[in-house]
Amino acid sequence: MTKEERYEKLKDIIKIYLPEDVSVEAITMESHFINELNINSANLVDIILDVEDEFDIQLENEDMDRMQTVKDALQIIEGKLD
Amino acid sequence: MSPDHILEKLPYARPFLFVDELSKIDDNGIEGTFTFTKTLDFYKGHFKDNPVTPGVILTECCAQIGLVCLGIFLLAKDISNSTTNLQIGMSRSEMEFLLPVFPGEKVTVTSEKRYFRFHKLKCAVKMHNAYGQLVCKGEIAGMIKYGDNV
């Protein structure tokens, strides 16, 4: 899977949990899940659980704490896939 | 953690406490009861001259027993948790209401854990009346942890 493919897969997951007032176009590598995409902590857990299923990886509490932006999430996914 | 200990830790008080007793509890679920006494304040207005327990209150009762009591039990299993300052917030509820609950009725709530990960607890809940009839059912999720913020 290429970096681009991972990013697209992640975006597909994130868009399910975006509040109505945030558009899919708002998602960039630098987007902060809570402060910019307005995703609450409960939905952030849903994103993590979906990421685990989609990429067949297991995330830990410290991964959740580190996962502030889309870029952080991709780095964590890449680290687990290695 | 014993049922009495869990009840002590509940962050609710009357008139917004909707748990009387916990009859069963383990890692996968919980069962508890509550009696809606006739004097509860909301019966004066829901409805005028025709008191019926509001659906939001039934949902709250399911959440207090099924999510918060179970969550306190599950959190206690992790010794790294400090035991002060419980932070809770309901994040989602999807309920179906099948029968009315009138003043004076005793209900039993059973809750089955779907998952508890990253401080989020999601449960399937059911409420039965004293005749064993299903009153409402659904899924409730919330964030629960000890600490400064949810």
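1. Start in the middle of the sheet of chain B. G32(B) has V109(B) as its bridge partner in β4(B). This belongs to the pairing of strand β2 (residues 29–35) with strand β4 (residues 106–117) of chain B, which is antiparallel and counts 7 bridges. Another bridge in this pairing puts K106(B), in β4(B), opposite T35(B). The model is predicted, so these pairings are to be read as features of a prediction.

2. On the scores, the model has ipTM 0.84 and pTM 0.90. For chain B the average pLDDT is 94, and 95% of the residues score at least 70.

3. The whole sheet should be set out before its parts. In chain B, 6 strands make an open sheet, in the order β1-β2-β4-β5-β6-β3, with antiparallel pairing. At the edges are β1 (21–26) and β3 (86–97) of chain B, each of which pairs on one side only. From one strand to the next the twist averages 20 degrees. As a general point, side chains in a regular strand alternate between the two faces of the sheet.

4. Begin at the β1 edge. β1(B) is joined to β2(B) by 5 bridges, and the two run antiparallel. One of the bridges links I25(B) with I30(B), the latter in β2(B). These strands form a hairpin, with 2 residues between them.

5. Next comes the pairing of β4(B) with strand β5 (residues 120–128) of chain B, antiparallel over 9 bridges. Here T110(B) has K126(B) of β5(B) as its bridge partner. The hairpin of β4(B) and β5(B) has 2 residues between the strands, and F118(B) in this hairpin takes a positive phi near 50 degrees.

6. β5(B) is also joined to strand β6 (residues 134–146) of chain B, by 9 bridges in the antiparallel sense. Two partners in β6(B) can be named: E139(B) for A124(B), and G142(B) for L121(B). The hairpin of β5(B) and β6(B) has 5 residues between the strands; in it, G132(B) has a positive phi near 80 degrees.

7. At the β3 edge, β3(B) and β6(B) run antiparallel and are joined by 11 bridges. E94(B) has E139(B) of β6(B) as its bridge partner. E139(B) is also the partner of A124(B), and a reader tracing the sheet can use E139(B) as a marker in β6(B).

8. Which strands of chain B does α2(B) touch? α2(B) packs on the sheet and touches β1, β2, β3, β4, β5 and β6 of chain B, with its direction at about 45 degrees to that of β6(B). Helix α2 of chain B covers residues 55–76, which is 22 residues. From first C-alpha to last it reaches 30 Å, close to the 32 Å expected at 1.5 Å a residue. α2(B) nevertheless has a kink of about 30 degrees, centred on A63(B).

9. Chain A also has a helix on these strands. α2(A) lies across β3, β4, β5 and β6 of chain B, and runs at about 95 degrees to β6(B).

10. How many residues of each chain are in contact? The contact involves 8 residues of chain A and 8 residues of chain B. On the chain A side, α2 (41–55) and α3 (61–66) each supply at least two residues. α2(A) gives the largest share of that side, 5 residues. By class, the side of chain A that touches chain B has 5 nonpolar and 3 polar residues, and no charged ones.

11. Some backbone details deserve a check by eye. In chain B, the peptide bond between R14(B) and P15(B) is cis, with omega about 10 degrees. P15(B) sits in the loop between α1 (3–9) and β1 of chain B. A second cis bond runs from H46(B) to F47(B), with omega near -5 degrees. F47(B) is in the loop between β2 and α2 of chain B.

12. In chain A, N38(A) has phi near 55 degrees, which is positive although the residue is not glycine. N38(A) lies in the loop between α1 (3–16) and α2 of chain A.

Key: Residues are numbered from 1 along each chain as its sequence is written. Chains are lettered from A and ligands numbered from 1 in the order in which they are written. Two strands pair if DSSP finds at least two bridges between them. Helices (H or I, at least four residues) and strands (E, at least two) are DSSP runs, numbered from the N terminus. Two residues are in contact if their C-beta atoms, placed from the backbone, lie within 7 Å. Ala, Val, Leu, Ile, Met, Phe, Trp, Tyr, Cys and Pro count as nonpolar, Asp, Glu, Lys and Arg as charged, and the others, Gly among them, as polar. pLDDT is the predictor's confidence in each residue, from 0 to 100. The expected span of a helix is 1.5 Å times one less than its number of residues. The bend at a residue is the angle between axes fitted to the seven residues ending there and the seven starting there. Axes are lines fitted to C-alpha atoms, for helices over the stretch in contact, and angles run from 0 to 180 degrees between N-to-C directions.
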